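Reader: Hi! I'm new to this one, could you walk me through it?
Author: Happy to, here it is.

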Amino acid sequence: MALENEIKQEKFKSEYNKMIVNLMFTNNWLVGKEMEILRPHNLTVSQYNVLRILRGQKGKAATINLIIDRMLDRMSNASRIVDRLEKKGLVTRKPSKADRRAVDVLITDKALKLLSTLDEKMDDWEKSFREISIEEAETLNVLLDKIRRAQ
């Protein structure tokens, strides 16, 4: 559905203004769809992002700073997210051997199993975007990168 119909706005100040509004609206729409997948598993989008980062460590520990550097939402409080994941038994913490002031975070087997289940659901969700061709997806990725570079 066209942005104008979605937000019931007929005119924009410019095509650039419409693009910005469209990007923000689409981001919120995507996050909402992702939340629908994660909610039954008692996870937030940020918690899911942290678990994916930790899985990508392939068994190596990660510091909170490493997690922050790799997060999609840099405004998230990584320490609190890790606290919540630890309470759910999805991560463990241990003092860092390299830096006594830091804490190492490790993903648990329980979390790896949960991610495996979620991978199937996320793959199904990704398939729903197949109306967009590979070439169009590549073009969109280039354009989105270009928008971020301009700032």
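Author: We can talk about the sheet, then the helices, then the pocket. This is a predicted model, where local features need pLDDT of at least 70, side-chain atom pairs count only at pLDDT 80 or more, and totals for chains, interfaces and linings use all residues. Residues are numbered from 1 along each chain as its sequence is written, and side-chain values use heavy atoms, with hydrogens and water left out.

Reader: Thanks! In what order do the strands sit in the sheet?
Author: The open sheet has three strands, ordered β1-β3-β2, with antiparallel pairing. Strands (E, at least two residues) and helices (H or I, at least four) are DSSP runs numbered from the N terminus, and two strands pair if DSSP finds at least two bridges between them.

Reader: Which strands are at the edges?
Author: β1 (62-63) and β2 (91-95), each pairing on one side only. Two bridges join β1 to β3 (residues 103-107), and Thr63 has Asp104 as its bridge partner in β3.

Reader: Cool. Which strands does helix α3 lie across?
Author: Helix α3 (residues 45-56) lies across β1, β2 and β3, at about 90° to β3. Helix α5 (residues 78-87) lies across β2 and β3, at about 115° to β2. Contact here means heavy atoms within 4.5 Å; axes are lines fitted to C-alpha atoms, for helices over the stretch in contact, with angles from 0 to 180 degrees between N-to-C directions.

Reader: New topic: what kinds of residues line the largest pocket?
Author: Its lining has 24 nonpolar, nine polar and 14 charged residues. Ala, Val, Leu, Ile, Met, Phe, Trp, Tyr, Cys and Pro count as nonpolar, Asp, Glu, Lys and Arg as charged, and the others, Gly among them, as polar.
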